[in-house]
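User: I should like to go through this model and ask on what grounds each term is applied.

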Amino acid sequence: MIGSAGAARIGITGLGVNVPARVMTNDDMSKIVDTSDEWIRERTGIRERRIASQEEALSDVALPAVRDALAEAGADPSEIDLVICATVTPDMLFPTTSALLADTLAMRQAAAYDLLAGCTGFMYAISQAYGMIAAGLSRKALVVGGDLLSKILDWDDRSTVVLFGDGAGAVIMEPVASGGFLGFELGADGAGGIHLCYPGSGSRHFDDPESMLKMNGREVFKFATRVMVTSAQAVLDECGKTIDDVDVYVPHQANKRIIDYAVGKLGIPPERTVVNVDRFGNTSSGSIPLALADARAEGRLTEGALVLMTGMGAGLTWGSALIEWGGPAASNGRANGA
Ligand code: UT7
């Protein structure tokens with residue numbers, strides 16, 4: 001699925017992120033499974049990650065991020081009419097985490113649902129919110145991307161536990177006076193789904209609750225290096241832009257080697273690329289918003305900056321979005337026209 005924005009100007013007016021307090025270093029990890037700081041850093045670029053406590057659920061981690069996003073957008077919770085939470089680790093399947101967040105913040109006018117697209121979830125969710133606003137169904141949307149993958153990992157499997165971390169981010173999306181999203185490209189390949197799966201999580205293996213997340217790392221690596229490049233190029237072509245136009249590249253933070261490969265293949269200067277996988281590991285749906293927040297903290301999300309985001313993950317899925325950053329909210333509240 002691919003499309004460019006046309007006349008609709010819809011952007012991000014607020015961004016917030018949050019991670020659990022507990023830091024787990026590679027040395028901590030080596031006390032749990034047979035691994036080493038050296039192996040993890042060389043193969044993935046990860047130094048540490050955040051791990052939620054037993055009591056913490058996704059909505060607890062996401063809530064401060066949502067509050068910050070609302071504050072930056074100057075939005076009252078009552079104005080939010082759509083909440084989409086992209087996650088594979090909701091508090092529970094239902095009630096959805098989006099409905100729980102909407103209730104906690106008294107978003108009484110909001111439709112609320114969770115969205116499953118693996119680590120690509122945030123990309124899918126922002127494109128859905130974009131479509132809802134462009135079609136006139138929503139005026140102000142809250143999109144949350146977050147995961148506590150530590151809760152569904154097999155803590156005896158060294159090939160997966162070292163890769164992932166917990167975290168969440170949130171954005172407010174609405175019509176903007178200038179800038180905004182230029183286009184999206186999304187895709188899925190269910191045939192590859194077996195390479196990254198959580199068999200005990202649904203109706204097929206419901207009698208096997210111990211069946212935790214499983215991954216064929218090499219296959220996912222091959223898939224990742226391919227789609228990180230093809231998806232980014234497709235959305236750029238669709239929007240009539242080239243890689244030289246991109247000011248900030250925000251790739252999914254799965255593995256530094258995957259990012260380096262994509263950077264090299266796309267031909268984007270490394271200094272335009274955001275990397276924080278060293279501090280957070282792969283936070284799944286939280287990855288892109290956490291990287292956006294780092295780019296903002298470094299002063300890179302200036303008004304008008306062209307930002308390219310690409311995610312990939314379970315499904316297998318991928319998705320890219322191109323946005324011109326930072327236009328102020330449109331005063332008339334309409335999706336079309338400047
Ligand atoms: O959002 C998408 C999420 N997933 C991903 O992005 C994952 C993509 N895949 C990868 O990032 C990489 O394939 C990994 C980081 C998972 C693995 O790196 P690799 O270079 O493909 O290593 P490998 O699987 O080929 O394993 C090399 C060796 C194996 O030992 P032998 O068979 O060569 O003796 C593994 O058993 O490394 C061993 N190994 C480890 N050793 C120490 C695997 N995990 C570990 C570990 N510590 N944690």
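User: What makes the pair formed by a polar side-chain atom of Arg257 and an oxygen atom of the ligand a polar contact?

Analyst: The two atoms lie 3.2 Å apart. A polar contact is a pair of N or O atoms within 3.5 Å, so the pair of Arg257 and the ligand qualifies. This is a predicted model, in which local features need pLDDT of at least 70 and side-chain atom pairs count only at pLDDT 80 or more, while totals for chains, interfaces and linings use all residues. Residues are numbered from 1 along each chain as its sequence is written, and side-chain values use heavy atoms, with hydrogens and water left out.

User: How far from an oxygen atom of the ligand is an N or O atom in the side chain of Arg218?

Analyst: The distance is 2.7 Å. For Trp39, a polar side-chain atom lies 3.3 Å from an oxygen atom of the ligand.

User: Why are H7 and H8 called oblique to each other?

Analyst: Helix H7 (residues 217-238) and helix H8 (residues 256-266) pack at about 40 degrees. Angles under 35 degrees count as roughly parallel, over 145 as roughly antiparallel, 65 to 115 as roughly perpendicular and the rest as oblique; H7 and H8 are therefore oblique.

User: Which residues of H8 make the contact with H7?

Analyst: Contact means heavy atoms within 4.5 Å. On H8, the residues are Arg257, Ile258, Tyr261, Ala262, Lys265 and Leu266.

User: What makes H3 oblique to H4?

Analyst: Helix H3 (residues 58-73) and helix H4 (residues 97-104) pack at an angle of about 50 degrees, and that makes H3 oblique to H4.

Notes. Axes are lines fitted to C-alpha atoms, for helices over the stretch in contact, and angles run from 0 to 180 degrees between N-to-C directions. Helices (H or I, at least four residues) and strands (E, at least two) are DSSP runs, numbered from the N terminus. A polar contact is a pair of N or O atoms within 3.5 Å; within protein, one must be able to donate a hydrogen and the other to accept it, and residues adjacent in sequence count only if both atoms are side-chain atoms.
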